[in-house]
Amino acid sequence: MGQIVGAALVSHHPGLMQCEEFRVLMGAGSDSDLIPGYGRVRERIVAAKPDVVMIFDSHWFTTGYHLIDGGAHYKGTYISDEMPWYLHGVPYDYQGHPELALAIEAVAKERGVRSRAICNPELGRQYATINLLKQMRLEHLPIVTVSSCQNCEPKHFLESGSVIGEAIRRSDLCVVALASGALSHRFNGIDWTPNHPRIFHESNVSRPANIEADKGAIELMKQGRHDLIIEHWDRDYRALPWEAFGAHYLQMIAAMGGSDCKSRGEPLSAYENARGTGNLHIWFQP
C-alpha cells in the first residue's frame with residue numbers, strides 16, 4: 001500500500017531566486033532564512049526516500065477542473081512573465097509519473113470529483129514548481145504537479161486532496177507532498193515604504209492582522225490541529241486570503257486525512273515577509 005511519507009508547506013517566492021548579494025542587501029546584511037531552510041527541508045525529503053514528489057502549485061491556475069500533470073518528462077528553460085528581468089533562463093529537466101496522475105483521475109471519476117490528468121509534455125511550468133526543484137535539487141526524482149482550480153470553494157480542494165490521498169494508498173508509491181505557496185497573500189503597494197530595513201522582517205507583511213492570523217495558523221499546525229484550521233477556514237483565513245485561497249495547503253492536508261490528520265508541524269525556517277505576503281517552511285511527518 002502506498003503512503004505519504006512526508007509533507008511540507010514551502011515558500012516559493014521569486015525573490016529567493018535573486019543572487020545572494022542582492023538578497024543580503026535587501027536583508028540588511030543577512031540572507032533570507034528561507035534559503036538555508038530549503039536545505040533543512042531537503043534533508044527531510046532525502047530521509048523520507050520518496051518514489052515521487054507531489055507539488056501542489058499555487059501558481060498553476062486552472063478553471064473547471066483540478067488538473068494533475070501526467071507527462072512522462074518535462075524539459076525546457078523557464079522565464080517568468082511576472083518578473084522576467086531576473087527570473088529567466090532557468091533550465092529544468094525532470095521525469096513525471098503518468099501512472100500516478102492517471103490513477104488520481106480514475107479515483108476522481110469513481111467519486112464524481114472534477115479532476116483530470118493532462119499527459120502533454122508541452123504543458124507549461126510555473127515557478128511555484130520550478131523554484132522548489134532548483135532550490136532543493138529535486139530533479140533526480142519524478143515530480144507530479146497539481147493545479148489550483150480558481151472556481152472552487154474550500155470543500156472542492158478538500159475533495160481533490162482526498163482523491164489524491166486515496167490514489168496514493170492504492171499505489172505502491174512513497175510520496176512526499178509539498179504545498180508550494182505562502183500563507184496570507186496580500187501584496188504591499190508598488191510605492192510602499194518598508195516598516196523595517198530588513199525586507200524579510202515580519203513587520204513588513206502587509207497587515208498586522210495578517211501576521212496575527214498567520215502565526216495563529218502556524219501554532220495550530222505545530223499542535224497538529226488541522227481540524228481547527230479547516231473548521232475555521234472561512235472565518236479566519238479565507239478572507240485574508242491565503243495564496244491561491246489556500247488550495248495548496250487544503251489539498252495537501254486533505255491527502256493526509258483532512259480533519260483527521262494530526263501531523264504536527266515543525267517550522268524549518270523563520271516566518272518572513274515577501275512583498276507583503278507571509279512565508280514559512282514547515283514540515284509535517286505523517
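**Exercise 1. Decide whether Ser 148 is buried or exposed, and establish which residues surround it.**

Solution. In this predicted model, the relative accessibility of Ser 148 is 1%, and because buried means under 20%, Ser 148 counts as buried. The next step is to place the residue, which belongs to strand S7, spanning residues 143-149. Finally, once neighbours within four places in sequence are left aside, the contacts of Ser 148 are Asp 57, Ser 58, Trp 60, Phe 61, Thr 62, Ala 244 and Ala 247. One of these partners, Ala 244, returns in Exercise 4.

**Exercise 2. Describe how helices H2 and H4 are arranged relative to each other, and state which residues make the contact.**

Solution. Two packed helices are described by the angle between their axes and the distance between the axes. For H2 (residues 34-48) and H4 (residues 127-136), the axes come within 9 Å and cross at roughly 80°. Angles of 65 to 115 degrees count as roughly perpendicular, and H2 and H4 are therefore roughly perpendicular to each other. On the H2 side the contact is formed by Ile 35, Tyr 38, Val 41, Arg 42 and Ile 45, while H4 contributes Leu 132, Gln 135 and Met 136. Sorted by character, the residues of this contact comprise six nonpolar, one polar and one charged.

**Exercise 3. Work out how far H4 is enclosed by the rest of the structure, and examine the residue just after H4.**

Solution. Begin with the buried residues of H4, which are Tyr 127, Ala 128, Thr 129, Ile 130, Asn 131, Leu 132, Leu 133 and Met 136. Eight of the ten residues of the helix are thus buried, so H4 is largely enclosed by the rest of the structure. Just after H4, the backbone at Arg 137 adopts a positive phi of about 50°.

**Exercise 4. Find where Lys 49 and Ala 244 lie, and determine for each whether the residue is buried or exposed; then locate the cis peptide bond that involves Pro 241.**

Solution. As background, most residues other than glycine have a negative phi, and most peptide bonds are trans. Lys 49, which is not a glycine, has a positive phi near 55°, and its position is the loop between H2 and strand S2 (52-62). With a relative accessibility of 66%, Lys 49 counts as exposed. Ala 244 also departs from glycine in identity yet has a positive phi, of about 55°, and this residue sits in the loop between H8 and H9. Its relative accessibility is 11%, so Ala 244 counts as buried. The cis peptide bond joins Leu 240 and Pro 241, with omega at about -15°, and Pro 241 is found in the loop between H8 and helix H9 (247-255).

**Exercise 5. Determine how many disulfides the structure contains, and account for Cys 152 and Cys 261.**

Solution. Searching the whole structure gives zero disulfides. For Cys 152, the nearest cysteine sulfur is that of Cys 149, at 3.5 Å; because a disulfide requires sulfur atoms within 2.5 Å, Cys 152 is in no disulfide. Cys 152 counts as buried, at 16% relative accessibility. For Cys 261, the nearest cysteine sulfur belongs to Cys 174 and is 17 Å away, and Cys 261 is likewise in no disulfide. Cys 261 counts as buried at 4% relative accessibility.

**Exercise 6. State which elements of the chain have the lowest and the highest confidence.**

Solution. For the chain as a whole, the mean pLDDT is 98, and 100% of the residues reach 70 or more. Confidence is lowest in helix H8 (residues 233-238), where the mean is 94, and highest in strand S8 (residues 174-180), at 99.

Methods:
Residues numbered from 1 in each chain as written. Predicted model: local features only at pLDDT ≥ 70, side-chain atom pairs only at ≥ 80, totals over all residues. Heavy atoms only, no water. Axes fitted to C-alpha atoms, helices over the stretch in contact; angles between N-to-C directions. Helix = DSSP H or I, 4+ residues; strand = E, 2+ residues; numbered from the N terminus. Parallel < 35°, antiparallel > 145°, perpendicular 65-115°, else oblique. Contact = heavy atoms within 4.5 Å. Nonpolar A, V, L, I, M, F, W, Y, C, P; charged D, E, K, R; others polar. Buried < 20%, exposed > 50% of the residue type's maximum accessible area, 1.4 Å probe, protein only. pLDDT = per-residue confidence, 0-100.
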